Amino acid sequence: MALQNPRDRRMPNRQSDGTRINEDIRISPIRLVKDDGEAVIMETKQALQMAKDAGLDLVEVSPNAKPPVCRIINYGKFKFEQIKKAKAAKAKQHVVKLKEIKMHPKTAENDYLYRIKQATEFLQDGMKVKLIMQFRGREMAHMDYGKRLMERAKEDLLQYGDLEMDSRVEGNTMLSIYGPKRGAGTAKKQAPAPKPVTEPMAAGEAST
């Protein structure tokens, strides 16, 4: 048996997205929406012949309606416009990333300043920051040190971001969330530089 020429094969009318076009529309009658918006009910064969005469496609645009709603259009162009609109809508969606910054009640001064610098840069890049204070073992008995450090971080970060959730305790952690500054420009501000430390002390400790 001779093999069929691929060019002679009839292309399926059911599209990859499930849309029925042309001969794949077997329900009859249908509601045909014309270019001027007028909707008329007619036999599917008649609508299909109209599409063929116009060199266009009969496309089922609302399959769940009774009867199904169809239009006579250029399906390729219609599909292209749909993809174009979907890409444009996706481009407009702004997904805000959430970055975590972790500290401990005994975080050293230079480490604290480095973490604040990181958080500042994230906020200026349009990201959210979750500031996490972790308590380990006996540190749970001295949560006031962690609270003091979180309050200090709030003072340092509020000029770069908005506080969305103030410090609250969850298990052995205390956390707060900051969002990008509303109405801020795209230009970055200079992040706070680490200050020289004369004595190795925890960032949450009060100097004497």
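Among contacts between residues at least 6 apart in sequence, what share joins residues at least 24 apart? In this predicted model, the share is 60%.

**View 1. Overview of the protein fold.** Four helices and eight strands make up the secondary structure. Read from the N terminus, the elements follow the order β-β-α-β-β-α-β-α-β-α-β-β. The protein has 208 residues, and 32% of them count as buried. About 14300 Å² of the protein is exposed. Carbon and sulfur atoms supply 51% of that area.

**View 2. The aromatic pair of helix 2.** One aromatic pair turns up in a search of the whole structure. Its partners are Tyr-75 and Phe-78. The ring centres of Tyr-75 and Phe-78 lie 6.2 Å apart, and the planes meet at 45°. That geometry counts as tilted because the angle is neither under 30 degrees nor over 60. Both residues belong to helix 2, which spans residues 75-92. Tyr-75 and Phe-78 are three residues apart there, about one turn of the helix. Is each partner buried or partly exposed? Tyr-75 is buried, with a relative accessible area of 7%. Phe-78 has a relative accessible area of 28%, so it counts as partly exposed.

**View 3. Arg-115 and its surroundings.** Arg-115 sits in helix 3, residues 109-124. Its relative accessibility is 25%, so Arg-115 is classed as partly exposed. Which residues does Arg-115 contact, once neighbours within four places in sequence are set aside? They are Ile-101, Lys-102, Met-103 and Thr-107. With Lys-102 there is also a polar contact: the side chain of Arg-115 reaches the backbone oxygen of Lys-102 at 2.7 Å. Ala-153 can be located from Arg-115 as well. The two residues are 38 apart in sequence. Their C-alpha atoms are 9.6 Å apart in space.

**View 4. Glu-109 and Arg-152.** Glu-109 is another residue of helix 3. Its relative accessibility is 14%, under the 20% cut-off, so Glu-109 counts as buried. Which side chain makes a polar contact of 2.7 Å with that of Glu-109? The partner is Arg-152, joined side chain to side chain.

Methods. Residues numbered from 1 in each chain as written. Predicted model: local features only at pLDDT ≥ 70, side-chain atom pairs only at ≥ 80, totals over all residues. Heavy atoms only, no water. Phe/Tyr/Trp six-rings, centres within 6.5 Å; stacked < 30°, edge-to-face > 60°. Helix = DSSP H or I, 4+ residues; strand = E, 2+ residues; numbered from the N terminus. Buried < 20%, exposed > 50% of the residue type's maximum accessible area, 1.4 Å probe, protein only. Contact = heavy atoms within 4.5 Å. Areas by Shrake-Rupley, 256 points an atom, 1.4 Å probe, with all protein chains shown as cover. Polar contact = N/O pair within 3.5 Å; in protein donor to acceptor, adjacent residues only side chain to side chain.
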